[in-house]
Amino acid sequence: MVRLIKFSAVGGVGTLLNLSLILIMTEIVGLMYLASALFSFIIVLVFQYLFNNYWTFRMSKGFGHFGGLSKFSVVTIIETSLYFGLLALFVQIFGLHYLLSASLAIGIRFPVKYLMCRNWVWSSRKTLENY
């Protein structure tokens, strides 16, 4: 349960960081919002991976990040695709308001991402508790 709470906290901070970076890059730097969103996506992906790695799942520092970050990137792409698919389904097919649709899609994708991260990204790696 503690890991789930930590994972949620990292996701919440990541969301705030994402929105802040998009705002700064678009309004202050002058990038197009899509370029800002891409930049923000990459920064937040690395941020969430590192914080989940060392805080949520307490992994040891003795492993390479390439494999873990690659797996986390795949999980993030899958769950983001699920999010947009559900969002479109709820709005276009069921006629729900986009904010309600977004909330439902987030609620569905969150446990999917957590389980994929727990069971694949960080499942076979040594935790700090093992030392």
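# A buried pair in a four-helix model

Lys 113 and Glu 79 are both buried. Welcome to this predicted model, whose protein chain has 4 helices and 0 strands. That buried pair is a good place to begin, since the side chains of Lys 113 and Glu 79 meet in a salt bridge, with 3.4 Å from N to O. The pair links distant parts of the chain, with Lys 113 in helix H4 and Glu 79 in helix H3, 34 residues apart.

**The overall picture**

- Reading from the N terminus, the elements of the protein chain follow the order α-α-α-α.
- The protein chain has 131 residues, and 31% of them count as buried.
- About 8,100 Å² of the protein chain is exposed, and carbon and sulfur atoms supply 74% of that area.
- Among contacts in the protein chain with a separation of 6 or more, 65% are between residues 24 or more positions apart.

**The salt bridges**

- Side chains of opposite charge can pair when their charged atoms come close.
- How many salt bridges does the structure hold? There are 2 salt bridges in the structure.
- You have already met the one between Lys 113 and Glu 79; another joins Arg 109 to Glu 79, where the closest N and O atoms are 2.9 Å apart.
- Arg 109 sits in helix H4 (residues 98–121) and Glu 79 in helix H3 (residues 65–93), so this pair ties together parts that are 30 residues apart in sequence.
- Is Glu 79 buried or exposed? Glu 79 is buried, because its relative accessible area is 3%, and buried means under 20%.
- Arg 109 has 22% relative accessibility, so this residue counts as partly exposed.
- Taken together, Glu 79, Arg 109 and Lys 113 form a linked network of salt bridges.

**The largest pocket**

- The largest pocket holds about 940 Å³ of space.
- Which residues lie closest to the centre of the largest pocket? Of the 28 residues that line it, the closest to the centre are Thr 15, Asn 18, Glu 79, Thr 80 and Arg 109.
- Two of these names, Glu 79 and Arg 109, should look familiar from the salt bridge they form.
- Helix H1 (2–28), helix H2 (33–56), H3 and H4 are the elements that give two or more residues to the lining of the largest pocket.
- Which element gives the largest share of that lining? The answer is H1, with 10 residues.
- By type, the lining of the largest pocket divides into 15 nonpolar, 10 polar and 3 charged residues.

**Helix H2 and its surroundings**

- The buried residues in H2 are Ser 36, Ser 40, Val 44, Leu 45, Phe 47, Gln 48, Tyr 49, Asn 52, Asn 53 and Thr 56.
- Take Ser 40, for example, which has its place in helix H2. Ser 40 counts as buried because its relative accessibility is 0%.
- What does Ser 40 touch, leaving aside its neighbours within four places in sequence? Ser 40 is in contact with Leu 17, Asn 18, Leu 21 and Ile 22.
- Phe 41 also lies in helix H2, but its relative accessible area of 32% makes Phe 41 partly exposed.
- Leaving aside neighbours within four places in sequence, Phe 41 is in contact with Thr 76 and Thr 80.
- The C-alpha atoms of Phe 41 and Leu 21 are 9.2 Å apart, while the two residues are 20 residues apart along the chain.
- Just after H2, Arg 58 takes a positive phi of about 45°.

**Two more residues to find in the structure**

- Val 13 is found in helix H1, and at 43% relative accessibility Val 13 counts as partly exposed.
- Val 13 and Phe 47 are 34 residues apart in sequence, with 9.5 Å between their C-alpha atoms.
- Gly 68 belongs to helix H3, and at 4% relative accessibility Gly 68 counts as buried.
- From C-alpha to C-alpha, Gly 68 and Leu 50 are 9.6 Å apart in space, and in sequence they are 18 residues apart.

Technical notes: Residues numbered from 1 in each chain as written. Predicted model: local features only at pLDDT ≥ 70, side-chain atom pairs only at ≥ 80, totals over all residues. Heavy atoms only, no water. Salt bridge = Lys/Arg side-chain N within 4 Å of Asp/Glu carboxyl O. Buried < 20%, exposed > 50% of the residue type's maximum accessible area, 1.4 Å probe, protein only. 1 Å grid on protein atoms, 1.4 Å probe; cavity = no way out; pocket = protein on both sides within 12 Å on 5 of 7 lines; lining within 4 Å. Points joined across faces, edges and corners; volume = space filled by probe spheres on them. Nonpolar A, V, L, I, M, F, W, Y, C, P; charged D, E, K, R; others polar. Contact = heavy atoms within 4.5 Å. Areas by Shrake-Rupley, 256 points an atom, 1.4 Å probe, with all protein chains shown as cover.
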